[in-house]
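The exercises below are meant to be worked with the sequence and the coordinates open side by side. Try each task before reading its solution.

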Amino acid sequence: MFKKKIFVIMLVMLFLSLTVSAVFAQETVKIGTLMPLTGGLASYGQFTRNGTLLAQKIINEQGGLLGGKELELVNVDTQTNPQAGVDGAQKLVSVNGINAIVGALSSGVTIPVAESVTVPGEVVLISPSSTSPVLTTLDDNGYVFRTVPSDSLQGVVAGNLAADLDHDTLAIIYVNNDYGQGLNDAVIEQFEKRGGEVTASIAFEPNKVSYRSELMDAASENPDALLLIAYTDDGGITIIRQALENGYFDEFIFTDGLKAPEITEGVEQYLEGMRGTAPTSMPGGKGPELFTELYEEEFGEIPPKPYIDTSFDATFVLALAIEKAGSTEGPAIRDAINEVLAEDGMLVNINEWDKAKELIAAGEKIRYEGASGPVLFNDVGDSMGAIGIWKIEDGDIVNESVEVQ
Amino acid sequence: MALQLFLNGVILGSIIALGAIGLSLIYGILKFGHFAHGDLMTLGAYFAFLFKVQLGLPFWLAFVLAAALTAGTAVLLNLILYRHLKKRDSVIVMISSVGAALIIRNFVLLFWGPQNKFYEKAIQMPIVLGDGLLRIKENQIIILVLALSLVIAVHLFLSRTKLGKAMRAMADNIDLAQITGINTERVIIWTWAMSGVLTAAAGILLAFDTHLTPVMGWNLLLPLFAAVILGGIGSPYGAMFGGLVIGISQEMSTLIISAAYKPAVAFTIMILMLIIRPSGLMGKKV
Amino acid sequence: MTFAGVFSYLVFFLIFVGIYAIMTLALNIQRGFAGLFNIGIAGFWAVGAYTSAIVTKGPTPDHLGGFGMPFIVGLLTAGLVASILALLVGIPTIRLREDYLGIATIGIAEIIRLVVKNEAWLTNGVRGVSAIPKPLAGIFGSNYNLFFLLIVITVIVIFYYLSEKGINSPWGRVLRAIREDEEVVKAAGKNVVRYRMEAFILGAFMMGVGGALYAHFTSFISPEAFRPMQATFLVWIMLIIGGSANNFGSIVGAFLTWGIWTGTEFLTGMLPAAYTTQAAAVRVILIGIFLEVILLSRPQGLFGEKKYSSKKTAVEN
């Protein structure tokens, strides 16, 4: 049958081309990246990905890893939803044979990826932005790390901010996933410690056309302000607009998922002076400044969005661990991360990959001054860090102050 | 609060009604459920976006052009696909309309991307009536006026013009209509065209009230079918009435059940109708 | 990619082909043999997946569970629950005209999706159910997927055999007769609704099992996994391409369609990442056009309806 023959030929050709490409394939060291290029965090994903690409560039320019092999980053779009993220991670592990992954951004994606793919598969996962407190206590055999502090810190800072702005009552609307839930709980705890009252705490589903009912519930007891825990593209912006349009709220406090200039489009005058919290680089140290310089050289202006620096760091740290372990096997990489980094090690800056290699070869430990500050993990894979308070001024995002752990 | 929900329901209902008129006529005349109808709504809304936001034309012109293009698409779909497949069994033509729906939806996704889009960047503060009892935006008033005008126009067309009467006759009883010498082919093309115009209008009004997203029409498909079945297949007036009922029920249902289950309301009404009185409230006995 | 890489990709690919083949065989019973228009496949898929996940996982605060049952129990329970759902759905709708049934099944799938999304006590809502146990995970290590493929193939063989047996039986003959001419069969005194219902339930059982296999393979399910058009529409394409009312055709249809679907994914994967969504949209458009072309030019698919043996001549002629 004619049609059948065509299909058979197509498949045979596909198979042949795959084998041929296999023969000619260069040997590289692969690290996977799980980034949201579409979906709720799309406005962050392309930039955090740039962070990983910058690390790759520096590493390859300075001789690569494991005896001169190039670092190859294999990226998968998580679409900011756990199903696509898990499916993508499965492919990275099963099909590309990858044992080290940077990602994902959203805790709602990172946690299922860890539970279903990387922990059972003995694959190291470093998230540059998943802040849910759940990750601290996750049963992960040491395979999950993050280069960003837990929301137990951001919650304290946000709760304090609300109290410091003289709000007595607060309503919270949060995205229905581990990130939203965790931050919500932490904020409530701190705000109540400071004597405030949370009159409503409401979870919302992303990607709905209208959030009028959630807003109506949240505003029902006339709280002083709305604390919004959301991502920009799958609900955050809609909630802000509908809150303003329907007169539910005019005072807002934002969190890290909303630190993006896009939230002010069309509503600048209503959001002037509003504040938010987000993890930020630790003060002091050359890392952050150097990173901004190198990023802008390569990609142009760096947007005031979080997690670009921590993505760079996650990639760099994985590379350090692979070099230290001398292999790309998951368990070896995991052990190497803890062995290679030390507070009293020899200083390595973000553009000193060659120096790092020499130190590792000499058996030395490394004090890595990363793009977000010094990078060190505690025994559960958590990172210390700083939370910054930002403000909307003339439709732009401006960093105001920093609270350190 | 009930009053506000009622108003929201009337607005949603008007939009559904506009989409359902065409769907009902097609169902009555061509005897199949057109599963791509929701996505034609989406297409209409995005065409208007193209003309208004991307090309900077005035809103009324964008509206007219978008409606015309959508009408053209509908006629084209019939010409290339449905006309030929109708001769085989009805399931084949329905599956092909599911395919068409997917193609249209992804065409929109391809050219305009998945992010939410707006006709206007700025937000509009509502007019507050009765000390917060009722909030209505200027846009929503425009929507109601436009929807009403279109419905009146459709009524005049169906009752006063020869083509309109022929359409109603065919939707009612196609064999009888053919005997009386109606040019069925021509009427069918005009039915598709009119459906395209009305459904584009529905999409544009929906986007005007909320925003544009590639799945906006698909999400309304079930309410559209519910409205058609409620009103009686082949009855455009039934579709108008059905649309309002579905819209209002859906919005007011949040008084009793969780807002998350709103879409289930339309479906439940439809199933009940199918079991109790499949011919609908205004249709003939099937 | 090394040769090992290609091989592991192939195994991964074939597992998905297998799961889709099970869905297509199921739809074939419902549509090909009984003439039912089920466009709510995604709903049965989801029910099967969630049932097996809930039944086989250990206790967890996130959702209903803690039964810790073995894999086989999970599969069978999934099939059973899907069958019960089909029974409940069928009672009001199976006697409807086929297009009404179609609309009703879309509604059912939608309600299932809403329940899965909102009843977090049952399903953990949008956060999904993770760490679904893979049967005998520890034993096979890196060759695990090959083992799972064998499980899938076994299930396909069993279902294929049962389906062929069923269709060649007196029950099957009545079913096919109903599809040809319902009135004649009614006149012969048969309860048409009962036969249709049985076919619907049987197909649903298979879909439930397929859904369960999916859950155990991916280890994580959430409402997003059952995007209606991908799940439902692809299966319909597989059925039509292979040839409705032909079990062998169903399997081949699944293989070819999934092959084209992933093949195009492979090609678009080579584009820069910024084009991912556009590429995905193009793939869907292409496969949609492909379906329309098949419907217009060769609606009987590759293999057409299989000529089944019939000892009685009556209504088939």
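**Exercise 1: The seven-stranded sheet of chain A**

Task: In this predicted model, establish the strand order of the open sheet of 7 strands in chain A, and explain why one side of each edge strand is left without a neighbour.

Solution. Reading across the sheet, the order in chain A is β7-β6-β8-β9-β10-β14-β15, and the pairing of these 7 strands is mixed. The edges are taken by β7 (197–204) and β15 (396–404) of chain A, and because each has a single partner strand, one side of each has no neighbour in the sheet. From one strand to the next, the twist averages 20°.

The next step is to look at one pair within the sheet. Strand β9 (residues 252–254) of chain A pairs with strand β10 (residues 275–280) of chain A in the parallel sense, over 2 bridges. Within β10(A), Gly276(A) is the residue that stands opposite Phe254(A).

The last step adds the helices. Helix α6 (residues 151–164) of chain A lies across β6 (169–175), β8 (225–229), β9, β10, β14 (386–393) and β15 of chain A, and runs at about 155° to β10(A). Helix α9 (residues 232–245) of chain A lies across β6, β7, β8 and β9 of chain A, and its direction makes an angle of about 170° with β9(A).

**Exercise 2: The five-stranded sheet of chain A**

Task: Describe the open sheet of 5 strands in chain A by its order and pairing, and determine which helix lies across β3, β4 and β5 of chain A.

Solution. The order is β2-β1-β3-β4-β5 in chain A, with parallel pairing. Since β2 (70–77) and β5 of chain A stand at the edges with a single partner strand each, one side of each is without a neighbour in the sheet. Ignoring direction, neighbouring strands of this sheet are turned by 25° against each other on average.

For a pair within the sheet, take strand β1 (residues 28–35) of chain A, which is joined to β3(A) in the parallel sense over 3 bridges; here Gly32(A) stands opposite Ile101(A) in β3(A). The helix asked for is α13 (residues 330–340) of chain A, which lies across β3, β4 (124–127) and β5 of chain A and runs at about 50° to β4(A).

**Exercise 3: Backbone details in two loops**

Task: Locate the cis peptide bond that ends at Ala104(A), and state where Asn141(A), with its positive phi, is placed.

Solution. The bond from Gly103(A) to Ala104(A) is cis, with omega near -15°, and Ala104(A) belongs to the loop between β3 (100–103) and α4 (107–118) of chain A. Asn141(A) has phi near 55°, a positive value in a residue other than glycine, and this residue is found in the loop between α5 (134–137) and β5 (144–146) of chain A.

**Exercise 4: The contact of chain B with chain C**

Task: Characterise the interface of chain B and chain C by its residues, its buried area and its polar pairs.

Solution. Begin with the extent: 41 residues of chain B and 38 residues of chain C take part in the contact. Together the two chains bury about 3,600 Å², and 79% of this lies on carbon and sulfur atoms. Of the area that chain B buries against chain C, 17% is supplied by Ile95(B), Leu110(B) and Tyr261(B), more than by any other three residues.

Turning to charge and polarity, the interface of chain B and chain C has 0 salt bridges, and 2 residue pairs are in polar contact, both at pLDDT 80 or more. On the side of chain B that touches chain C, the elements that give two or more residues are α3 (59–85), α4 (90–112), α9 (221–231) and α11 (262–276) of chain B. The largest share, 16 residues, comes from α4(B). By class, this side of chain B has 33 nonpolar, 5 polar and 3 charged residues.

**Exercise 5: The contact of chain B with chain A**

Task: Carry out the corresponding analysis for chain B and chain A, and identify the residues that form the salt bridge across this interface.

Solution. The contact takes 17 residues from chain B and 16 residues from chain A, and the buried area is about 1,600 Å², of which carbon and sulfur atoms give 55%. Lys121(B), Ile123(B) and Met125(B) supply 33% of what chain B buries against chain A, more than any other three residues.

Side chains of opposite charge can pair when their charged atoms come close. Across this interface of chain B and chain A there is 1 salt bridge, formed by Glu245(A) and Lys137(B), whose closest N and O atoms are 3.5 Å apart. Lys137(B) lies in the loop between β2 (134–136) and α5 (138–160) of chain B, while Glu245(A) lies in helix α9 of chain A, so the pair joins two chains.

Terms used:
Residues numbered from 1 in each chain as written. Chains lettered and ligands numbered in written order. Predicted model: local features only at pLDDT ≥ 70, side-chain atom pairs only at ≥ 80, totals over all residues. Heavy atoms only, no water. Contact = heavy atoms within 4.5 Å. Buried area = accessible area lost by both parts, 1.4 Å probe. Salt bridge = Lys/Arg side-chain N within 4 Å of Asp/Glu carboxyl O. Polar contact = N/O pair within 3.5 Å; in protein donor to acceptor, adjacent residues only side chain to side chain. Helix = DSSP H or I, 4+ residues; strand = E, 2+ residues; numbered from the N terminus. Nonpolar A, V, L, I, M, F, W, Y, C, P; charged D, E, K, R; others polar. Pairing = 2+ DSSP bridges. Axes fitted to C-alpha atoms, helices over the stretch in contact; angles between N-to-C directions.
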